[in-house]
Amino acid sequence: MSPSTPQRDKKIWGDLVMPAFARPILLPCPTVCAINGHAFGAGLMFALGHDVRLQRSERGYICAVEVAIGVATPPAEMTLFRHAVPADAFYETVLKATRWGGAEAAARGLVRRAVPTDELEQEG
């Protein structure tokens with residue numbers, strides 16, 4: 001998606017993906033997301049819908065890239081950001097499109113822990 005994407009296409013995209021972002025929140029059990037590489041844009045949004053997020057420590061970034069590429073953040077995504085991103089990391093994440101490595105994301109509360117790849121699926 002880019003700033004030149006027609007409004008109709010943006011609406012279709014939003015109607016398709018917003019329920020997927022919200023689905024983990026609505027489940028009646030805790031959910032865990034293992035981030036094994038980069039999670040930009042929609043990848044980050046999907047991860048934020050989980051109760052626990054773990055990120056690979058040695059490689060990969062998470063980033064809310066919308067502002068960096070000139071795409072407005074839809075209201076539903078902004079609600080998810082407010083729900084899942086700690087207040088002290090909100091500005092840098094949403095308005096500055098900071099790329100967070102595992103250790104930095106864990107330190108700022110975006111993920112529960114940063115772990116080596118071989119432990120990523122065992123940690124949850």
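**Reading helix α1 and the salt bridges**

Me: Helix α1 packs its buried residues against α2 (42–48) and α4 (75–84). Which residues of α1 are buried?

Reply: First, a caution: this is a predicted model. Buried means under 20% relative accessible area. In α1 the buried residues are Gly14, Val17, Met18, Phe21 and Pro24. These are the residues that contact α2 and α4.

Me: How many Å should helix α1 span?

Reply: Take 1.5 Å a residue. Helix α1 has 20 residues, 7–26, so the expected span is 28 Å. The C-alpha atoms at its two ends lie 28 Å apart, which agrees.

Me: Where in α1 does the kink lie?

Reply: Look at Val17. The kink there is about 30°. The proline Pro19 follows shortly after. Val17 is also one of the buried residues of α1.

Me: Now the charged side chains. Why can they pair?

Reply: Opposite charges can pair when the charged atoms come close. The cut-off used here is 4 Å, from a side-chain nitrogen of Lys or Arg to a carboxyl oxygen of Asp or Glu. The whole structure yields three salt bridges.

Me: What does Arg56 pair with?

Reply: Arg56 forms a salt bridge with Glu58, at 3.4 Å from N to O.

Me: Is Arg56 buried or exposed?

Reply: Arg56 has 16% relative accessibility, so it counts as buried. Its partner Glu58 has 45%, so it counts as partly exposed.

Me: Which residue forms a salt bridge with Asp88?

Reply: Arg108 does, with the closest N and O atoms 3.9 Å apart. Asp88 sits in helix α5 (residues 87–95), and Arg108 in the loop between α6 (102–107) and β5 (113–115), so the pair ties together parts 20 residues apart in sequence. Asp88 is exposed, with a relative accessible area of 53%. Arg108 is partly exposed, at 22%.

Me: Which other side chain meets Arg108 in a salt bridge?

Reply: Glu92, at 3.0 Å from N to O. This pair, too, links distant parts of the chain: Glu92 is in helix α5, and Arg108 is in the loop between α6 and β5, 16 residues apart. Glu92 is partly exposed, with a relative accessible area of 25%.

Me: What do the shared partners join into one network?

Reply: Asp88, Glu92 and Arg108. Asp88 pairs with Arg108, and Arg108 pairs with Glu92. Trace the network from helix α5, where Asp88 lies, to the loop that holds Arg108.

Conventions. Residues numbered from 1 in each chain as written. Predicted model: local features only at pLDDT ≥ 70, side-chain atom pairs only at ≥ 80, totals over all residues. Heavy atoms only, no water. Buried < 20%, exposed > 50% of the residue type's maximum accessible area, 1.4 Å probe, protein only. Helix = DSSP H or I, 4+ residues; strand = E, 2+ residues; numbered from the N terminus. Expected span 1.5 Å × (residues − 1). Bend = angle between axes of the 7 residues up to and from the residue. Contact = heavy atoms within 4.5 Å.
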